Amino acid sequence: MNGSRSMASGKEEVSTLRVGADDILYRSASMRSVMATVNLIAQSDVSVLLLGESGSGKEVIARAVHELSPRSEGMFVPINCASLSGDILENELFGHERGAFTSADEQKRGLFELADAGTVFLDEINEMGLHVQPKLLRVLERREFRRVGGTKKIKVDLRIIAASNVDLDAEVRMRRFREDLYYRLKVITLVMPPLRDRREDIPELARYFLRRLRKNDRRPADFSERALGRLRNYAWPGNVRELKNVVESLVVMSSREVVDVEDLPASIRASATPSEIVIRVGMSMSEIEGEILRRYLEAYPTKKAAAKALGIGLRTLHAKVKQHRLNRSRGAGRRQ
Ligand SMILES: Nc1ncnc2c1ncn2[C@@H]1O[C@H](COP(=O)(O)OP(=O)(O)O)[C@@H](O)[C@H]1O
Ligand SMILES: [Mg+2]
């Protein structure tokens, strides 16, 4: 079942939430705020609109809302509105009566009926056809619908969570999405931050996926600090899904104990911008210090050189490295 867990390490804290067989991992302030909202809205029954780039974790968050809610005993039913053309989507969602169309020789219950007492996740809601949208609005407002070709009203008790990776405002302006449905859906809107805006999460996620994906303690066991630095700098257009896929390919391709920069795909290897340190509003002092240390350790060949450039003593640097646990990976190949 669910349960939150935090591993305190100084001020930087990694939290996890168990959702089904997977964990949601996060450390960044922006994800902590998303998870706080998830905990709040799970207790209510309002519809939720999840916005964010593909792979940023919308579905896993929708599942978390369901699992933390009083509906957790009911089903979580995900459906992708983009993968089914208009009539087929309508048929899947609402079901049909016998004789509703030529090939309908039996009555069929739709997903809204199956998900009764549970949660329906409508992914890529922006792709839902204009003729299906008013029927969804009716479900949201009155908790009832009719099967295709049917006259009987069917009552359901469900929660709808919708997701979109495009700007729904623009879709409404272009009349591809109904305004009334949009306002009904967006009462609670949660925006998933792209991975490149929460780089503190990247090393934790990379190590988590490595632990999960490697087969019975086979290699590789960890990433070098330099490799983690490259992973942090890469822009991750495919977000967490892309990171997971990269780790999965490393598990197959790399036979080293510790993944180093040379093992990474070329696009990620090239991602270092050693002269820049990005500090975002929302980062704590400790996170900022950790970021600075990481970049200097990467940019200078020795700790002594890094300490000199930072204007601090070597012992101070050692203490800070320990405090920020920057030494965790063995065999990083860095000289003392
Ligand atoms: N914070 C996270 N911690 C662990 N795994 C995550 C996290 N966010 C996303 N994932 C994983 O990344 C993949 C993509 O997430 P998903 O929810 O499908 O994204 P989206 O629905 O936005 O495309 C899934 O395998 C999911 O389990
Ligand atoms: Mg998705």
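## Helix α2

In this predicted model, the buried residues of α2 are Lys58, Ile61, Ala62, Ala64, Val65, His66, Glu67 and Leu68. That makes eight buried residues out of the eleven in the helix, and α2 is therefore mostly covered, given that buried means under 20% relative accessible area. The helix spans residues 58-68 and supplies at least two residues of the shell around ligand 1.

Lys58 belongs to the buried set of α2 and is also listed among the closest residues to ligand 1. An N or O atom in the Lys58 side chain is 2.8 Å from an oxygen atom of the ligand.

## Ligand 1 and its shell

Ligand 1 sits in the largest pocket. Its surroundings comprise 16 residues, with Leu25, Gly55, Lys58, Arg241 and Lys244 the closest. Besides α2, the elements that each give at least two residues to this shell are β3 (22-26), α8 (201-213) and α10 (239-253).

Polar contacts to the ligand involve both backbone and side-chain atoms of the protein. At Leu25, a backbone N or O atom lies 2.9 Å from a nitrogen atom of ligand 1. At Lys244, an N or O atom in the side chain is 2.9 Å from an oxygen atom of the ligand. The protein buries 90% of the 560 Å² that ligand 1 exposes when taken alone.

## His96

His96 is found in strand β6, which covers residues 95-96. Its relative accessible area is 7%, so His96 is classed as buried. The His96 side chain reaches the backbone oxygen of Glu106 at a distance of 3.1 Å.

With neighbours within four places in sequence left aside, the contacts of His96 are Asn91, Phe101, Ala104, Glu106, Gln107, Lys108, Arg147 and Val148. Glu106 thus appears both in this contact list and as the residue whose backbone oxygen the side chain of His96 reaches.

## Positive phi at two non-glycine residues

Ala117 is not a glycine, yet has a positive phi of about 75°. This residue lies in the loop that runs between α4 (111-114) and β8 (119-123). With a relative accessible area of 39%, Ala117 is partly exposed.

Trp236 likewise is not a glycine and has a positive phi, here of about 50°. Its position is in the loop between α9 (225-233) and α10. Trp236 has a relative accessible area of 0% and is therefore buried. The helix α10 that follows this loop is one of the elements supplying the shell around ligand 1.

## The chain as a whole

The chain has 336 residues, of which 49% count as buried. Its secondary structure comes to 14 helices and 14 strands. Along the principal axes, the C-alpha atoms fill a box of roughly 80 × 40 × 40 Å.

Among contacts with a sequence separation of 6 or more, 69% are between residues 24 or more positions apart. The exposed area of the chain is about 16600 Å², and carbon and sulfur atoms supply 50% of that area.

Terms used: Residues are numbered from 1 along each chain as its sequence is written. Chains are lettered from A and ligands numbered from 1 in the order in which they are written. This is a predicted model: local features need pLDDT of at least 70, side-chain atom pairs count only at pLDDT 80 or more; totals for chains, interfaces and linings use all residues. Side-chain values use heavy atoms; hydrogens and water are left out. Helices (H or I, at least four residues) and strands (E, at least two) are DSSP runs, numbered from the N terminus. Buried means under 20% relative accessible area, exposed over 50%, partly exposed in between (1.4 Å probe, protein chains only). A polar contact is a pair of N or O atoms within 3.5 Å; within protein, one must be able to donate a hydrogen and the other to accept it, and residues adjacent in sequence count only if both atoms are side-chain atoms. Contact means heavy atoms within 4.5 Å. A residue is near a molecule or strand if one of its heavy atoms lies within 4 Å of it. Accessible areas come from the Shrake-Rupley method with a 1.4 Å probe; for residues, only the protein chains shown count as cover. On a 1 Å grid over the protein atoms alone, a cavity is a set of points where a 1.4 Å probe fits but cannot get out, and a pocket is an open set with protein on both sides within 12 Å along at least five of seven lines; lining residues have an atom within 4 Å of a point. A molecule sits in a cavity or pocket if more than half of its atoms lie within 2 Å of its grid points.
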